[in-house]
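Let's take a walk through this protein together. Have the sequence and the 3D view ready, and we'll go piece by piece.

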Amino acid sequence: MLLQEKINVYLSFIESGEIYTTYTPSKGKKFEIKICFKESIPDSCILFLQQASKIIADAGFFLTYSVGLENE
C-alpha cells in the first residue's frame with residue numbers, strides 16, 4: 001500500500017502540471033517513475049507492478065523497476 005500511495009503522489013505531481021512549475025526544465029520531457037529495490041522484489045508486489053506499469057503507460061508515462069543499485 002505504501003508503494004501504491006507513493007506512485008499515486010508522483011502521478012498526481014506529473015498530471016497536475018505541478019512538475020512544470022517546480023522543475024521548469026521538465027517541459028517537453030517524457031516522464032519515468034523508476035523504482036529500485038534493494039533486495040529481490042517481493043512476490044506480492046510483482047503483479048501490482050505489472051498492473052501499475054500498464055496503467056501508467058496508458059497515461060503516457062513510464063514505470064520501470066529493477067533490483068539492486070544502478071549506475072547512471
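Does Ser66 count as buried or exposed? Keep in mind that what you're looking at is a predicted model. In this model Ser66 has a relative accessibility of 15%, and the cut-off for buried is under 20%, so Ser66 counts as buried. You'll find Ser66 in strand E2. Setting aside its neighbours within four places in sequence, Ser66 is in contact with Ile35, Cys36 and Phe37.

Now let's step back for the overall plan. The protein has three helices and two strands. Reading from the N terminus, the elements come in the order α-α-β-α-β. The C-alpha trace spans about 35 × 25 × 20 Å along its principal axes. Of the 72 residues, 28% are buried. As for how the chain meets itself, take the contacts with a separation of 6 or more: residues 24 or more positions apart account for 64% of them.

The strands are a good place to go next. Strand E1 covers residues 32-37, and strand E2 covers residues 62-67. How do E1 and E2 pair? They run in the parallel sense, with six bridges between them. If you want a spot to look at, find Lys34, which stands opposite Thr64 in E2.

E1 also has a neat pattern in its side chains, which alternate along the strand. Ile33, Ile35 and Phe37 point to one face and are buried. Glu32, Lys34 and Cys36 point to the other face, and these are not buried. You've met some of these residues already: Ile35, Cys36 and Phe37 are the ones that Ser66 touches.

On to the helices. Two packed helices are described by the angle between their axes and the distance between the axes. Here, helix H1 (residues 2-15) packs with helix H3 (residues 43-58) at an angle of about 15°, and the axes are 12 Å apart. That angle makes H1 roughly parallel to H3. The crossing of H1 past H3 is right-handed. Which residues make the contact? From H1 come Leu3, Gln4, Ile7 and Leu11, and from H3 come Cys45, Phe48, Leu49 and Ile56. Sorted by class, this contact of H1 with H3 has seven nonpolar residues, one polar residue and no charged ones.

Let's zoom in on one member of that list. Ile56, in helix H3, counts as buried because its relative accessibility is 2%. Not counting residues up to four places away in sequence, Ile56 touches Ile7, Leu11, Ile33, Phe61, Phe62 and Leu63. Ile7 and Leu11 belong to the H1 side of the helix contact, while Ile33 is one of the buried residues of E1. Ile56 and Glu32 sit 24 residues apart in sequence, with their C-alpha atoms 9.3 Å apart in space.

To finish, visit a couple of loops. Glu39 lies in the loop between E1 and H3. Is Glu39 buried or exposed? It has a relative accessible area of 56%, so Glu39 is exposed. Glu39 and Ser66, where we started, are 27 residues apart in sequence and 9.5 Å apart in space, C-alpha to C-alpha.

The other loop joins helix H2 (18-22) to E1, and Gly28 is found there. Gly28 is exposed too, with a relative accessible area of 81%. Try tracing from Gly28 to Leu69: they are 41 residues apart in sequence, and 28 Å lie between their C-alpha atoms.

Methods
Residues numbered from 1 in each chain as written. Predicted model: local features only at pLDDT ≥ 70, side-chain atom pairs only at ≥ 80, totals over all residues. Heavy atoms only, no water. Axes fitted to C-alpha atoms, helices over the stretch in contact; angles between N-to-C directions. Helix = DSSP H or I, 4+ residues; strand = E, 2+ residues; numbered from the N terminus. Parallel < 35°, antiparallel > 145°, perpendicular 65-115°, else oblique. Left-handed = near helix turned anticlockwise from the far one by under 90°. Contact = heavy atoms within 4.5 Å. Nonpolar A, V, L, I, M, F, W, Y, C, P; charged D, E, K, R; others polar. Buried < 20%, exposed > 50% of the residue type's maximum accessible area, 1.4 Å probe, protein only. Pairing = 2+ DSSP bridges.
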